[in-house]
Amino acid sequence: MKVQVILNCRDLTGDLREGFYDLPEGTTAKGVLEAAFQEAGKKLTENIYNSLVFMVNGRAATGDTVLQDGDKMRVLFRILGG
Amino acid sequence: MDNLEYLILEWQVDCMDGYAGKVAIIDLTEKSWKIEDLNPQWARLFVGGAALGARYLYELMPARTPVFAPESVVGFVSGPTNLTKTFLGGRFAVVSKSPVTGGFNDASAGGNFGPFMRKAGFDAVFVKGISEKPVYILLDDGKIEIRDAQALWGKRVSEADALIKEELGDTKVSTALIGPGGEHLSNMAGVIADCHRAAARGGSGAVIGSKKLKGIVCRGDRTVPVKDMAAVAAINKEWNEYANGKGAVPVNKFRTTGTTSDYDSSVYLGDAGIKNWAGAPDDLTDEQIKALTGRVMDPKYKYGKLGCHSCPVQCGAKYHIKNDKYDIKTSRPEYESLGAFGSMLLNGDSDCANICNWYCNEYGYDTLSMGGTIAWLMECYEKGIFTREELDGIDLRWGNSEAILAIVKKICDYEGIGIPLNGASRAAARYFGKGFECLATASGIEIPMHGARYNPGLARTFQYDPTPGRHVKGGLGVPYGHQPPEVKYNYENTGERDKAGLESWEFFNLSGFCNFSGFLLAPGVHYRYMEAIGGYNFTAEDWTNLALRSFTIRDAFNKREGLRRKDFDISPRNVGKPPLEKGPLAGITVDNEKLADNFYAAMGWDVETGMPTKEFLEKIGGLECVIKDLYPEGGSQ
């Protein structure tokens with residue numbers, strides 16, 4: 001399946017690629033992000049993962065949300081306040 | 001009570017560690033002052049900041065004093081962490097009655113002012129009376145001067161700051177000043193510390209302006225006694241490990257782009273206000289949202305770092321905005337200000353948002369109330385409630401950056417439509433007799449940029465904190481918004497968690513710690529710092545009671561004014577009445593009254609009136625003044 005990844009957390013994810021990723025059916029939001037990190041030669045650490053939240057197709061999601069073909073996943077900061 | 005008395009008595013033996021030990025009480029009508037010893041019992045029971053300020057205000061200001069009367073008091077209060085080398089311990093509070101809510105008001109800011117007030121030899125200064133002519137107060141190495149400020153009146157904050165430094169022949173001073181906003185008694189007026197840190201919510205700048213007081217200036221070289229400076233230094237040393245380990249993510253994030261790093265995330269989640277809280281993320285383009293993030297703005301504007309006293313993070317930045325109309329040096333707007341001048345107005349023009357922020361710092365206005373008021377007016381204009389002619393010819397369409405700047409300038413210059421708008425949105429609606437349906441306020445205070453539909457616990461805080469409309473007060477708070485929907489929108493049994501949330505927020509507001517220290521310092525470090533500074537020797541129960549006492553004294557000011565639960569409101573749209581029809585929060589309605597019922601029940605207060613019970617006051621201790629006022633007959637209700 002193909003899912004689109006948009007990163008609104010560049011301070012944490014650096015130069016990870018935005019765009020479409022080809023992944024096996026049943027991949028979760030966390031799995032997609034791990035794949036993106038892996039592609040960039042990096043590792044998704046627990047520290048970073050716990051600082052992020054996900055939206056899928058404009059709705060709040062969790063790392064366990066299973067994505068479908070054509071989904072658009074946005075990765076955001078877990079808001080700390082300000 | 002036995003334990004409480006023991007704690008006070010024990011502490012007095014090696015007294016006043018963590019304090020300068022002096023409080024100034026100044027009467028501008030009489031041009032006189034008293035320098036008193038800090039009340040040691042109050043220092044122990046209320047510690048500092050908003051809580052200690054509330055206790056003094058409760059004593060110094062008679063009940064039902066009109067906000068601009070000579071008897072009205074405004075206080076500037078440091079916290080025990082200030083000037084102790086404690087990391088992230090640089091905040092001070094401004095306390096007064098609010099011209100907006102008619103109740104207690106506290107607002108806080110960082111910068112250097114709190115530590116400098118202690119360098120000057122004072123823990124707090126309280127000002128009453130009204131000067132005949134404009135003045136400023138100089139706290140100078142243990143001495144007080146009331147100095148002529150006629151040449152400063154009408155000046156922008158940075159102009160006044162520069163003139164004061166020139167007059168004193170000294171740049172090593174710290175200022176907390178009002179701008180023209182405070183001089184015009186605007187409900188949006190705040191105090192600006194060191195030209196870039198604002199204690200601005202609730203209109204305390206107007207109270208200061210009503211006294212013909214331009215502000216407070218501090219200088220000196222005094223130090224504050226610390227019980228165990230070696231322990232403070234040791235905790236500071238540990239910080240590097242935290243900053244490079246478990247705290248690396250928030251520390252690095254705040255070091256690079258500060259609070260602006262959350263802007264786009266907040267907009268997409270629906271946490272930030274969009275289109276006067278009636279919009280959804282897709283009302284803005286991705287480019288408009290991205291334009292106001294630090295990642296995009298920093299390369300365009302940043303020319304230096306900026307931060308508060310004793311802070312190893314330095315989350316601020318110096319910005320230079322240069323275009324064909326403006327050439328200004330300012331500070332990077334905080335997240336809240338970007339939301340207020342960005343998504344709230346459907347504005348993606350970063351020059352415009354930065355210049356609005358500059359206007360607020362220079363003219364002494366609260367960015368949240370300024371942005372919220374313009375958003376209210378934009379919606380009114382869209383709905384035809386106000387015509388272009390009524391807005392002095394300004395075409396105040398959503399996202400029209402030229403119009404946004406024009407209306408901000410009208411407000412700051414106190415001209416035309418800008419004059420009634422100085423009252424902020426609710427007072428302006430009352431003045432014109434229209435636009436009430438477009439208000440987004442809590443008891444008249446414009447809602448900050450973390451909404452209650454995403455963070456439902458904030459509905460109780462916004463409506464029923466003694467200072468309404470704040471996201472930095474106790475309760476379930478912002479992090480609760482990240483809970484899954486089945487948790488955060490479940491309104492059963494929220495009271496104990498809400499009450500528990502008071503502890504950290506009240507603690508920050510009374511200690512002088514930055515609110516961000518909740519994640520920029522390692523868990524548990526705060527209380528170790530407090531022990532090292534002042535030898536508190538508090539148990540967990542003591543800290544909890546301190547937080548409850550802090551909340552209660554702030555609230556008791558309101559209760560003594562005759563305000564009850566029914567007197568506090570929140571605009572329906574901010575709790576999803578009606579719910580949004582699109583976006584990530586479509587269909588969400590928050591049960592704000594149930595949250596409040598749960599909270600008051602958990603506190604053991606009267607649920608209907610929101611009154612603290614006599615039993616509660618006796619149990620917490622140190623609140624005899626409140627018992628005397630609220631229960632004069634000795635009854636329990």
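**Reading the contact between chain B and chain A**

Mentor: Chain B averages a pLDDT (the predictor's confidence in each residue, from 0 to 100) of 96, and 97% of the residues score at least 70. This is a predicted model: local features need pLDDT of at least 70, side-chain atom pairs count only at pLDDT 80 or more, and totals for chains, interfaces and linings use all residues. Residues are numbered from 1 along each chain as its sequence is written, chains are lettered from A in the order in which they are written, and side-chain values use heavy atoms, without hydrogens and water.

Trainee: What does the model score for ipTM and pTM?

Mentor: ipTM is 0.94 and pTM is 0.96.

Trainee: How many residues does each chain bring to the contact?

Mentor: Contact means heavy atoms within 4.5 Å. Here chain B gives 30 residues and chain A gives 19 residues.

Trainee: What area is buried between the chains?

Mentor: Buried area is the accessible area (1.4 Å probe) that two parts lose on being put together, summed over both. For chain B and chain A that is about 2200 Å², with 58% from carbon and sulfur atoms.

Trainee: How many salt bridges link chain B and chain A?

Mentor: A salt bridge puts a side-chain nitrogen of Lys or Arg within 4 Å of a carboxyl oxygen of Asp or Glu. The count is two. One of them pairs Asp286(B) with Arg74(A), at 3.6 Å, N to O.

Trainee: Which helices of chain B supply at least two residues each to the side that touches chain A?

Mentor: Helices are DSSP runs (H or I, at least four residues), numbered from the N terminus. Helix 9 (248-257), helix 10 (263-269) and helix 13 (335-341) do so. Helix 9 gives the largest share, six residues.
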